[in-house]
Amino acid sequence: MLQGFKMAAAALAVMAAGAGAAHADDDALRELAKEMFEPIPTDAVQVNGVTPTKEQIELGKMLWFEPRLSLGQNISCNSCHNLATGGVDLAPTSLGHRWQLGGRNSPTVLNAVFNTAQFWDGRAADLVEQAAGPIENPVEMASNKGHVMTVLKSIPGYAPLFKAAFPKDKEPLTFDNVVKAIAMFEATLVTPNAPFDRFLKGDDKALTEQQKRGLQTFIDAGCASCHNGVNLGGNSYQPFGLVERPNGDILPADDLGRFEVTRSKDDEYVFKVPALRNVAITPPYFHSGAVRDLKDAVTIMGTAQLGAELEAQEVADIVAFLESLTGDQPQVTYPVLPASTAETPLPQQ
């Protein structure tokens, strides 16, 4: 009997020692990760130093789902950035006015407020500037400021909503306030409480052992040199094909990326580093939308950016880690929009 107790005690001591070692390993990995990454904040997010009001958010939500901002009255912000599917439309490139296809994959709108700039080439400095782009783009919503104002002023239900959202403005219903309201709503579309966030905050059990291996590999392989910060990307620009240029399907030769903004030869094929938050649920990948499998995307990034042939197990581990970046999705109630009137312009197809 005594011998049995001694054996049990010894086994417990070994288990305790192993648990202690595992805890120490988790702490070391966490401290390393905290040098490069941050959790998604859970407090209110500002837009250009301004905290959105309840009225601005509500108006912005209505305008987000408002198809009448488009010339054909059939495309809204949500058409390409569907909040039911991770803030993307799951297509290589999006359908726009008169069935035109956009030139690049629509990036997720979720957590976009944390990006340094907006669009793949960073041509919009913030969410306000970004919100105006698709409305006026002839390939996307194909509208313009004047048409948007004509539409909204023909719908009486909008006037009191703009007045409540922008009470200090002499003329609340303006195009500037349209895009401001959309940006204010967009700033609420964040996804906190991902398993990775919980791990960063001290929960050792938030990640599986494979995800922890993937995090370590993600750091050791050099992925975190570009994919860092709160969004694991979205905060810098890098050439696509830094070491080895991908094929023309993945990196189309006629899309020169940030060069189109800066006209600097150094920016040819340079793009904003994509944020990896919720990446597991937002295929396809890259600005071309040419790759649908996340394992393939990780493998391509290994060769193109790191010059490394990642082993199958390393790829699987990194993908498992990337799956831990899926946070709580925004719970958005679909709005009922004010009714059109006889003065509201008809759709132009």
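## A guided tour of the predicted model

Begin with the whole chain in cartoon view: from the N terminus on, the elements of the protein run α-α-α-α-α-α-α-α-α-β-α-β-α-α. That comes to 12 helices and 2 strands, where helices (H or I, at least four residues) and strands (E, at least two) are DSSP runs numbered from the N terminus.

This is a predicted model, in which local features need pLDDT of at least 70, side-chain atom pairs count only at pLDDT 80 or more, and totals for chains, interfaces and linings use all residues. Residues are numbered from 1 along each chain as its sequence is written, and side-chain values use heavy atoms, with hydrogens and water left out.

Next, select the C-alpha atoms of the protein; along the principal axes they fill a box of roughly 90 × 45 × 30 Å.

Display the surface. The accessible surface of the protein is about 16700 Å², and 56% of this belongs to carbon and sulfur atoms; the areas come from the Shrake-Rupley method with a 1.4 Å probe, and for residues only the protein chains shown count as cover.

Colour by burial: of the 349 residues in the protein, 50% are buried (under 20% relative accessible area, 1.4 Å probe, protein chains only).

Finally, select helix 12 (residues 312-323), which contains D317. Is D317 buried or exposed (exposed being over 50% relative accessible area)? D317 is buried, because its relative accessible area is 5%. Add Q210, R213 and G214 to the selection: D317 touches these residues, not counting residues up to four places away in sequence, a contact being heavy atoms within 4.5 Å.
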